[in-house]
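Me: Before we go through this model, I would like each label to be set against the rule behind it. Please take the terms one by one.

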Amino acid sequence: MELNRDGLRKMLRTYELRDDSKSYGYFYAYMALFVFSVLAAIWFYNINLWASAIFWFPIWVVFCKCFVFMHDCGHFSLFKSNKMNRAAGFIAGFLILSLIH
């Protein structure tokens, strides 16, 4: 399938616009996954170290995603509101032990 320049621009245009509903959904879903994975890993760690290893991968994925959230919020491009970008960037930066500004 060949994609011409206009078709590529049209396809990429959907990713250029900020959509708060998608941003909130992604942010809250990844934060919930992070909290659940950390709590589950701690609970399973009390049983056996290797039982908690099941949750190391989701924690690592969310850790990387938090960097992406922090980076996008630092450019004020994730949410329409600058206040929400600052708050979400601060939360994501706190989780990865990094500063947003």
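**Labels and their rules**

Reply: Helix α3 passes helix α4 in a left-handed crossing, a term used if the near helix is turned anticlockwise from the far one by less than a right angle, with right-handed used if clockwise. This is a predicted model, in which local features need pLDDT of at least 70 and side-chain atom pairs count only at pLDDT 80 or more, while totals for chains, interfaces and linings use all residues. Residues are numbered from 1 along each chain as its sequence is written, and side-chain values use heavy atoms, with hydrogens and water left out.

Me: What makes F76 count as partly exposed?

Reply: F76 has 24% relative accessibility and therefore counts as partly exposed, since buried means under 20% relative accessible area, exposed over 50% and partly exposed in between (1.4 Å probe, protein chains only). F76 lies in the loop between α3 and α4, and has a positive phi of about 55° although it is not a glycine.

Me: Why does L97 count as exposed or buried?

Reply: Because its relative accessibility is 77%, L97 counts as exposed. L97 is found in the segment after α4, and its phi is also positive, at about 60°, although L97 is not a glycine.

Me: How do you know that F63 in α3 and the residues in α4 meet?

Reply: Contact means heavy atoms within 4.5 Å, and on that rule F63, C66, F69, M70 and C73 in α3 meet residues of α4, including N85, A88 and G89.

Key. Helices (H or I, at least four residues) and strands (E, at least two) are DSSP runs, numbered from the N terminus.
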